[in-house]
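Student: Please show me how to read the features of this model one at a time, with the general idea before each case.

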Amino acid sequence: MQEVTEQNESIVRETSTTPESRSEGYLFGKYEVGKLLGCGAFAKVYHGRIVRTGQSVAIKVISKQKVVKGNLTAHIKREISIMQRLNHPHIVRLQEVMATKSKIYFVLEFAKGGELFTKIAKGRFSEDLSRKYFHQLISAIGYCHARGVYHRDLKPENILLDENWNLKVTDFGLSAISDQVRSDGLLHTLCGTPAYVAPELLAKKGYKGDKLDIWSCGIVLFVLNAGYLPFNHPNLMVLYQKIYKGDFRFPKWTSPDLKRLLLQLLDTNPETRITVDKIIDDPWFRKGYKDIKFHGEHMELKDQGDKYLNAFDII
Ligand code: ADE
């Protein structure tokens, strides 16, 4: 893991004052570390502030032991260098990577609005609002897929909102770390999100990262519109059977156009599942917009009033 330290701009030596060993309000490098934001199977995320500028950041702390155990050192190094080059309005930016003897620290752009799905817990979204967030999600996914980067672990805790209520996907390219932890069955049940698992992962016959992401986008869109998960059951075996068979029901308010798109996103066959290129041509996706162009950098939308909007400008 030493190479990771050497590759990146900032090196922090092992000290007793690291985010996982102290209470909030102390200094770590150029950051003041604040409260714990979230806790997963392999990482803890803290709020931080750049002391000199006062800018908020999120600091994700990962155990090196887990990375080394999973033989993921080379993989992580590659993913970090890809992530540092991702620059998109709907992807949380990886600003800096630091390391101590036992931990890796990702300094991430701070998404002030928290998790998108805590908003859904207060009620489902209209089709127009669901479309706005789905546009932003596909804009981010399309940008990454065009660069050969796949998320592979899209789930509620990875879909955040910024201070303007725009969507920000986090942990792009970092799924290998959580995959490793998820190979432990116990951790998987406790911390994973089995309702988001794609059928080809259950079949264990290998999978393509882009198709996996599209399945997860289908789950996200269903939840935005329905307010509940398409596949849900307290018994894991029953849940997996439902996913494998694509056994889900639409709520009565879903429009025919949205049903058609969801059926193509939640196609259990990854070979025939819809791709980003085809999503952009979909009637429900385009509704209210005369023209949608995706040119690798971001998505442009031309509304009925002939105005081009950025994916993050839709109201
Ligand atoms: N939780 C996890 N990552 C985060 C981020 N980048 N901003 C805010 N909360 C988070």
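**Strands, ligand shell and backbone**

Student: Which residue is the bridge partner of A99 in β6?

Tutor: The partner of A99 in β6 is I104. The model is predicted, and for that reason local features are taken at pLDDT of at least 70 and side-chain atom pairs at pLDDT 80 or more, while totals for chains, interfaces and linings use all residues. Numbering starts from 1 in each chain, following the sequence as written.

Student: What counts as a strand, and when do two strands pair?

Tutor: Strands are DSSP runs of E with at least two residues, helices are runs of H or I with at least four, and both are numbered from the N terminus. Two strands pair if DSSP finds at least two bridges between them. Such pairing occurs through backbone hydrogen bonds and is either parallel or antiparallel. Here β5 (residues 94–99) runs antiparallel to β6 and is joined to it by five bridges, with E96 opposite V107, and a hairpin of three residues connects β5 to β6. Strand β4 (residues 56–63) is also antiparallel to β6, over seven bridges, and S63 stands opposite K103.

Student: How are the strands ordered in the sheet that holds β6?

Tutor: The order is β1-β2-β3-β4-β6-β5, an open sheet of six strands with antiparallel pairing. Its edge strands, which each pair on one side only, are β1 (26–28) and β5.

Student: Is β6 largely enclosed or open to its surroundings, and why?

Tutor: A residue is called buried if 20 or more other C-beta atoms, placed from the backbone, lie within 10 Å of its own, exposed if 12 or fewer do, and partly exposed in between. In β6 (residues 103–109), six of the seven residues are buried, so the strand is largely enclosed by the rest of the structure.

Student: Which residues are around the ligand?

Tutor: A residue belongs here if its C-beta atom, placed from the backbone, lies within 6 Å of the molecule. The residues around the ligand are L37, G38, V45, A58, V92, L108, E109, F110, A111, L160 and T170. At least two residues of this shell come from each of β2 (31–39) and β6.

Student: What is the chemical make-up of that shell?

Tutor: For this count Ala, Val, Leu, Ile, Met, Phe, Trp, Tyr, Cys and Pro are nonpolar, Asp, Glu, Lys and Arg are charged, and the others, Gly among them, are polar. The shell around the ligand has eight nonpolar residues, two polar and one charged.

Student: Which strands form the sheet that holds β8?

Tutor: That open sheet has three strands in the order β7-β8-β9, with antiparallel pairing, and its edge strands, β7 (114–115) and β9, each pair on one side only. Two bridges link β7 with β8 in the antiparallel sense, and E115 stands opposite L160 of β8.

Student: What should I look for in the phi angles?

Tutor: Most residues other than glycine have a negative phi. R152, in the loop between α5 (127–145) and β8 (159–161), has a positive phi near 70° and is not a glycine. W165, in the loop between β8 and β9 (167–169), likewise has a positive phi, of about 65°.

Student: Why is R152 called buried, and why is W165 called partly exposed?

Tutor: R152 is buried because 22 other C-beta atoms lie within 10 Å, whereas W165 is partly exposed because it has 14 of them within 10 Å.
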